[in-house]
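Hi everyone, and thanks for making time for this. I'd like to walk you through a structure that may be new to you, so let's put it on the screen.

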Amino acid sequence: MAEIKTIGILTSGGDAPGMNAAIRSVTRAAIFNDLKVKGIYRGYRGLIDDEIVEFKTQNVSNIIQQGGTILKTARCAEFMTVEGRQLAYDILRRHQIDALVVIGGDGSLTGARVFANEFNFPIIGLPGTIDNDLYGTDSTIGYDTALNTIMDCVDKIRDTATSHERLFFIEVMGRNAGFLALNGAIASGAEAAIIPEISTEVDQLAELIQNGFRKSKNSSIVLVAESPITGGAMGMAERVKKEFPRYDVRVTILGHLQRGGSPTAHDRILASRMGAAAIDALMEDQRNVMIGIKNDDIVYVPFSKAIKNDKPINRELLNTLRRLSI
Ligand code: ADP
């Protein structure tokens, strides 16, 4: 295996709080190990466009507390083509970059896997997504911050829900995963969560109504995961208006509020540990793995596993929510 002297780092896909903490950690751990670091702006788009700058330790000063990503992020259709990836490879060679650290979600790591296999190029992935939908890690960078944002928002909406005795459907992000909705519901004391993982097994709305929710309460809050499978909060509200017209229904879609903000301590620590672990992995000749965290220990998860497997939702959480919302 050729010696690694210079690494490139990029953020790709949806931004997530804690990405900056990860950039800082990767950069500093690399320099600590006498590696050169090159920051690649705008994800795979910027790689193809040669937006590359050498990073020193001061390039990542004062960013651990900032949301978003100082490297910017982008989506890049060209990287999905063989020609696009060949261009990317040529640019990497020109900059003498020997390995990449890619921070992003499911799509970005899928791109990393394709590229790594095609050019036999060493890549380490960091799970940067608020959705928490990558297999092999208990948590992804940004998830905890988004969860806390959701909790704060629901606390505020509850004031109105209670005062007006309304039923609120609050839509949260998650792509096709219900982690934000389910844990957000538990954290904010919501009555229920409608999540894609169990939508095909039970009619969650019918179950909710059957269980007599609102019997002893003057307001209710239901978190709905955005997904074509759940139909989203709008879809739920339409159904209730039709089937149970006596309810005073409102919808709030939290949207991009959930992505921003200063990362929580949990996400800063997670990103710092994972970033340093990415450099350890490269030094240990690991290739094409995502850094994960399992029972508070760093683990290496092959890209193929992290991307392909659906991360299961913990049923115990679902039961807890059901028991506590009576
Ligand atoms: P996220 O990483 O947040 O899931 P996307 O799904 O938008 O975000 O993916 C980010 C980028 O990763 C895409 O714009 C594309 O450049 C790259 N990518 C995604 N899937 C593939 C693929 N199958 N092959 C090559 N590149 C891909």
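Let's begin with one residue, T230: buried or exposed? T230 counts as buried, because its relative accessibility is 7%, and the cut-off for buried is under 20%. Before going on, please keep in mind that this is a predicted model.

So where does T230 sit? You'll find T230 in the loop that runs between β8 (220-225) and α9 (232-243). Its side chain has two polar partners in the backbone. A polar atom of the T230 side chain lies 3.2 Å from the backbone oxygen of S227, and the side chain of T230 also reaches the backbone nitrogen of G232, at 3.1 Å. If we set aside residues up to four places away in sequence, T230 touches I194, I195, P196, S199, V224, A225 and M236.

Now let's turn to the ligand. Which residues come nearest to the ligand? There are 16 residues around the ligand, and R75, C76, G107, S108 and R175 are the ones that come nearest. Let me point out three contacts with oxygen atoms of the ligand. A polar side-chain atom of R175 is 2.6 Å from a ligand oxygen. C76 uses its backbone instead: a polar backbone atom of C76 is 2.6 Å from an oxygen atom of the ligand. For D106, a backbone N or O atom lies 3.4 Å from a ligand oxygen.

Next, the largest pocket. It holds about 540 Å³ of space. How many residues line the largest pocket? The lining has 28 residues, and G13, R75, G107, S108 and R175 lie nearest the centre of the pocket. You'll recognise some of those names: R75, G107, S108 and R175 are also among the residues that come nearest the ligand. Which helix gives the most to this lining? That is helix α4, residues 106-119, with six residues. Sorted by class, the pocket lining has nine nonpolar, 11 polar and eight charged residues.

Let's move on to two strands. I103 is part of strand β4, residues 99-104. I103 counts as buried because its relative accessibility is 0%. Leaving out neighbours within four places in sequence, I103 is in contact with I9, L10, T11, S12, M19, A22, I23, L126 and G128. For a sense of how the chain folds back, I103 and L270 are 167 residues apart in sequence, while their C-alpha atoms are 13 Å apart in space.

G125 belongs to strand β5, residues 123-127. With a relative accessibility of 0%, G125 counts as buried. Its contacts, again without the neighbours within four places in sequence, are V102, L109, V289, M290, I291 and F303. G125 and G292 lie 167 residues apart along the chain, and 9.2 Å separates their C-alpha atoms.

My last stop is I186, in helix α6, residues 179-188. I186 is partly exposed, because its relative accessible area is 30%. Which residues does I186 contact, leaving aside neighbours within four places in sequence? Those are L317 and L321. I186 and L321 are 135 residues apart in sequence, yet 5.9 Å apart in space, C-alpha to C-alpha.

That's my tour, and thank you for listening. I'm happy to go back to any part of the picture.

Technical notes:
Residues numbered from 1 in each chain as written. Predicted model: local features only at pLDDT ≥ 70, side-chain atom pairs only at ≥ 80, totals over all residues. Heavy atoms only, no water. 1 Å grid on protein atoms, 1.4 Å probe; cavity = no way out; pocket = protein on both sides within 12 Å on 5 of 7 lines; lining within 4 Å. Points joined across faces, edges and corners; volume = space filled by probe spheres on them. Helix = DSSP H or I, 4+ residues; strand = E, 2+ residues; numbered from the N terminus. Nonpolar A, V, L, I, M, F, W, Y, C, P; charged D, E, K, R; others polar. Buried < 20%, exposed > 50% of the residue type's maximum accessible area, 1.4 Å probe, protein only. Contact = heavy atoms within 4.5 Å. Polar contact = N/O pair within 3.5 Å; in protein donor to acceptor, adjacent residues only side chain to side chain. Near = heavy atom within 4 Å.
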